[in-house]
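Subject: A structure for you to look through

Hello,

Here is the structure I promised to pass on. Please open it first, and then read my notes below with it in view.

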Amino acid sequence: MREAAERGDAVFGNTDTWVLWNLTGGRDGGVHVTDPTNASRTMLMNLETLDWDDELLGFFGIPRSMLPQIQPSSNPAGYGRTLANGPLGGEVLITGDLGDQQAATVGQVCFAPGEAKNTYGTGNFMLLNTGTELVRSNSGLLTTVCYQFGDEPVVYALEGSIAVTGSAVQWLRDQLGIISGAAQSEALARQVEDNGGVYFVPAFSGLFAPYWRSDARGAIVGLSRYNTNAHLARATLEAICYQSRDVAEAMEKDSGVHLEVLKVDGGVTANELCMQIQADVLGVPVSRPVVAETTALGAAYAAGLAVGFWKSTDELRTNWNESKQWAPQWSDEQRTTGYERWKKAVTRTLDWVDVD
C-alpha cells in the first residue's frame, strides 16, 4: 500500500473528492481534485498558501502524490465534465465545490467581514466571515477557509462547533419521554413564561467550542419543587441559544466584530420560540431565509458564479430573501442575568469525569 501511495495509485480525499472522481470517470480518467474548504478539514493544508503543507505531510508520512489537487471553490475552468452516460444524463461541467458549513455560509450570502450564520441541527455550527485576514483564534474557535471564488483572494472564517443542540430536544423525546415529537417541545415550553430558574447544560459527552472540556457531563441545575416538565423544555431551548452565545462571544473577542444580525438555518429554526429566545439571548435580530437548504444553495451559488449565471456576490444578495426575523424582547438586565446564570451552570458540569 505504501508503494501504491507513493506512485499515486492509492489516492486519498474527502467526500467531495470521491464524488468528483466518480462523476468524471473514476478509474477511467476521473479527476482527483478538491477545494480549499474541504482540504482544510484534513488538517494537512497550509491555510496561507492553500497548498498541502510539506511539514505536516512529512510528520504524518503522507505522500503528496496521493492527495488531490486543490482548486478554487468556484472554478470557471471547471474541475471536469461528467460522463455522457453518467447519472446526470450528459456531459456537464462541474464548477462548484464547497464544504458543508462553508456552503451554508455562502448560501446565507455572508460575504462581508463580520457577517455570520448559525446552522441548527443535531449540533450547531456557527461561522463568522473574517474577510481576507486569517484570524488565529485565542478563544477556542477554529480558523478555517470560508471560500475562494476563482482567482479572487481567499476568504477566511472563524468557526465554533457545538456538540448537542437539536439532539437535546431528541433526548427529551427518546430518553425522558416528556414530548412525543420535536415540534411538541415548543408547545410545552410555551406553557411557562420563563425557565423558572432551571438551566440545562447538555454536555452529554463533554463541551465543544469554546470550552473544549471532555471532562464535562450534562447537568440540570436550579430545580425546585415548583418546576415542571415545561420548565425543562424551556431550559432545553435556552441551552441551544446560550451555547450559541458562548460561541458568538468568543468570535467577538477574537475578531473585534460585534454581530449586528445572525442568519440561521437548519431544522431547529422551525421552532419559532427557540428563535425568539436566540434573539433575546444574543440581543441582536435573528433572520431565517426563505430557502432553508442553504448548503445546497451555497454550492449552487459557487457553481453559478463560475459560469456567469450570477455576475457577482451583490447579485446573490438580491437573490437571498428573508422568511422571518425575530427582534430581541428581553431587557438588558434579563439578558445579563440569564447569561451569568448560564455560565454558572456550565461550571457545575466541569471536572465530572477523569480524563487521561
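Are Y242 and W342 buried or exposed? Y242 is buried, and W342 is buried as well. Before I go on, please keep in mind that this is a predicted model.

**Aromatic rings**

Let me stay with those two residues for a moment. A pair of aromatic rings is described by the distance of the centres and the angle of the planes. Y242 and W342 make a stacked aromatic pair, with 5.4 Å from centre to centre and 15° between the planes. Y242 belongs to helix α8, while W342 belongs to helix α12 (residues 332-347), so this pair ties together parts that lie 100 residues apart in sequence. The two rings also have company: ring pairs link Y199, Y242, Y339 and W342 into a cluster. One member of that cluster, Y339, has R245 over its face, at 3.9 Å from the ring centre.

How many aromatic pairs does the structure hold? There are 13 of them. Another one to look at is Y147 with F149, which is stacked too, at 4.3 Å centre to centre and with 20° between the planes. Y147 has a relative accessibility of 5%, so it counts as buried, the limit being under 20%. F149 has a relative accessible area of 7% and is therefore buried by that limit.

You can find a charge over a ring elsewhere as well: K263 lies over the face of W320, at 4.3 Å from the ring centre.

**Helix packing**

Two packed helices are described by the angle between their axes and the distance between the axes. Helix α8 (residues 229-255), which you have already met through Y242, packs with helix α6 (residues 166-176) at an angle of about 155°, and their axes are 8 Å apart. Angles over 145 degrees count as roughly antiparallel, and therefore α6 and α8 are roughly antiparallel to each other. On the α6 side the contact is made by G166, A168, V169, L172 and L176, and on the α8 side by L232, A233, T236, L237 and I240. Sorted by class, this contact has eight nonpolar residues, two polar ones and no charged ones.

At what angle do the axes of α5 and α10 cross? For helix α5 (residues 100-107) and helix α10 (residues 294-307) the crossing is at roughly 75°, and the axes come within 6 Å. That angle makes α5 roughly perpendicular to α10, because 65 to 115 degrees is the range for that term. From α5, the residues in contact are D100, A103, A104, V106 and G107; from α10, they are T294, T295, L297, G298, A299 and Y301. The residues of this contact divide into six nonpolar, four polar and one charged.

**Backbone details**

Most residues other than glycine have a negative phi, and most peptide bonds are trans. Here are some places to check against that. A209 and P210 are joined by a cis peptide bond, with omega about -5°. P210 lies in the loop between β11 (199-201) and β12 (219-221), and W212 has its place in the loop between β11 and β12. W212 is not a glycine, yet its phi is positive, at about 55°. With a relative accessible area of 47%, W212 is partly exposed.

D351 also has a positive phi without being a glycine, at about 60°. You will find D351 in the segment after α12, and at 61% relative accessibility it counts as exposed.

Happy browsing, and best wishes

Note on methods: Residues numbered from 1 in each chain as written. Predicted model: local features only at pLDDT ≥ 70, side-chain atom pairs only at ≥ 80, totals over all residues. Heavy atoms only, no water. Axes fitted to C-alpha atoms, helices over the stretch in contact; angles between N-to-C directions. Helix = DSSP H or I, 4+ residues; strand = E, 2+ residues; numbered from the N terminus. Parallel < 35°, antiparallel > 145°, perpendicular 65-115°, else oblique. Contact = heavy atoms within 4.5 Å. Nonpolar A, V, L, I, M, F, W, Y, C, P; charged D, E, K, R; others polar. Phe/Tyr/Trp six-rings, centres within 6.5 Å; stacked < 30°, edge-to-face > 60°. Buried < 20%, exposed > 50% of the residue type's maximum accessible area, 1.4 Å probe, protein only. Lys NZ or Arg CZ within 6 Å of the ring centre and 35° of its normal.
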